[in-house]
Amino acid sequence: QVQLVESGGGLVQPGGSLRLSCAASGSIFSIGAMGWYRQAPGKQRELVAVVTSGGSANYADSVKGRFTISRDNAKNTVYLEMNSLKPEDTAVYYCNAVISPSWGRWVNYWGQGTQVTVSS
């Protein structure tokens, strides 16, 4: 069984910073891409950022220049550094990872979500 456990959400003022972490644990043979999505009330879940196993990253236009995704493959952990936060960044942030629990098999996993609220 594989689990993704997120941490680091909370309440922050506009212009502030937060760092999210997501650690994968359990029966893991290999991990492919890892990323962060978010879902604001009344809106669809959207991609925020994704990083490949080799470290290549892509970002949503709305967060480019403000957010940085990174990963520590030795710790099976992905991070999202969020700077210059805006009220429109308020959402539940979900960690996502494509994980191989055994050779030749790949499964898409989600974390439980962590709330990020940007408000004065």
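# A tour from the disulfide outward

Start at the disulfide: the torsion about the S-S bond of cysteine 22 and cysteine 95 is about -80 degrees, so this disulfide is left-handed. The model is predicted, and the S to S distance between cysteine 22 and cysteine 95 comes to 2.1 Å. The count of disulfides is one. Colour the two cysteines by element of secondary structure: cysteine 22 belongs to strand S3 and cysteine 95 to strand S9, so the pair ties together parts 73 residues apart in sequence. Add a surface, and both cysteine 22 and cysteine 95 turn out to be buried.

**Strand S9**

Next select S9, residues 91-102. How many of the 12 residues of S9 are buried? Nine of them are, so S9 is largely enclosed by the rest of the structure.

Now show the strands that pair with S9. Strands of a sheet pair through backbone hydrogen bonds, in either a parallel or an antiparallel sense. Take S4 to begin with: eight bridges join S4 to S9, and the two run antiparallel. Select tryptophan 36 and you return to the disulfide, since the bridge partner of tryptophan 36 in S9 is cysteine 95.

Turn to S10, residues 105-110, which pairs with S9 over five bridges in the antiparallel sense. Two pairs of residues are worth labelling here. Alanine 97 stands opposite tyrosine 109 in S10, and valine 98 has asparagine 108 as its bridge partner in S10. Follow the backbone from S9 into S10: the two strands form a hairpin with two residues between them. In that turn, pick glycine 104, which has a positive phi of about 85 degrees.

S11 is another antiparallel partner of S9, here over three bridges. Label alanine 91 and, opposite it in S11, valine 116.

**The nonpolar core**

Hide the backbone and show side chains for the largest nonpolar core, a set of 29 residues. Which residues have the most contacts inside it? They are Trp36, Leu80, Met82 and Tyr93. The elements that give two or more residues to this core include strand S1 (2-7), strand S5 (46-51) and strand S7 (67-72), along with S3, S4, S8, S9 and S11. S9 gives the most, with five residues.

Centre the view on methionine 82. Setting aside neighbours within four places in sequence, methionine 82 is in contact with Gly16, Ser17, Leu18, Leu20, Arg66, Phe67, Tyr93 and Val116. Keep Arg66, Phe67 and Val116 from that list displayed, as they come up again at aspartate 89.

**The four-stranded sheet**

Bring the backbone back and select S1, S3, S8 and S7. In that order they make an open sheet of four strands with antiparallel pairing. Which strands stand at the edges? S1 and S7 do, each with a single partner strand, so one side of each is left without a neighbour in the sheet. On average, neighbouring strands of this sheet are turned by 15 degrees against each other, direction ignored.

Zoom in on S7 and S8, an antiparallel pair joined by six bridges. Arginine 71 is a residue to label, with valine 78 in S8 standing opposite.

**Aspartate 89**

From S8 (77-82), follow the chain into the loop that leads to S9; aspartate 89 is located in this loop. Is aspartate 89 buried or exposed? Its relative accessibility is 1%, so aspartate 89 counts as buried, the limit being under 20%.

Show the polar atoms around aspartate 89. Its side chain makes a polar contact of 2.7 Å with the side chain of arginine 66. A side-chain polar atom of aspartate 89 also lies 2.8 Å from the backbone nitrogen of lysine 86. Beyond residues up to four places away in sequence, aspartate 89 touches Arg38, Arg66, Phe67, Ser84, Val116 and Val118.

**Serine 119**

Finish at serine 119, in the segment after S11 (114-118). Draw a C-alpha to C-alpha distance from serine 119 to aspartate 89: the value is 9.8 Å, with their positions 30 residues apart in sequence. At a relative accessible area of 38%, serine 119 is partly exposed. Apart from residues up to four places away in sequence, serine 119 touches Leu11, Val12, Gln13 and Pro14.

Note on methods
Residues numbered from 1 in each chain as written. Predicted model: local features only at pLDDT ≥ 70, side-chain atom pairs only at ≥ 80, totals over all residues. Heavy atoms only, no water. Buried < 20%, exposed > 50% of the residue type's maximum accessible area, 1.4 Å probe, protein only. Polar contact = N/O pair within 3.5 Å; in protein donor to acceptor, adjacent residues only side chain to side chain. Contact = heavy atoms within 4.5 Å. Core = buried A, V, L, I, M, F, W, Y, C linked by side-chain atoms within 4.5 Å. Pairing = 2+ DSSP bridges. Axes fitted to C-alpha atoms, helices over the stretch in contact; angles between N-to-C directions. Disulfide = S-S within 2.5 Å.
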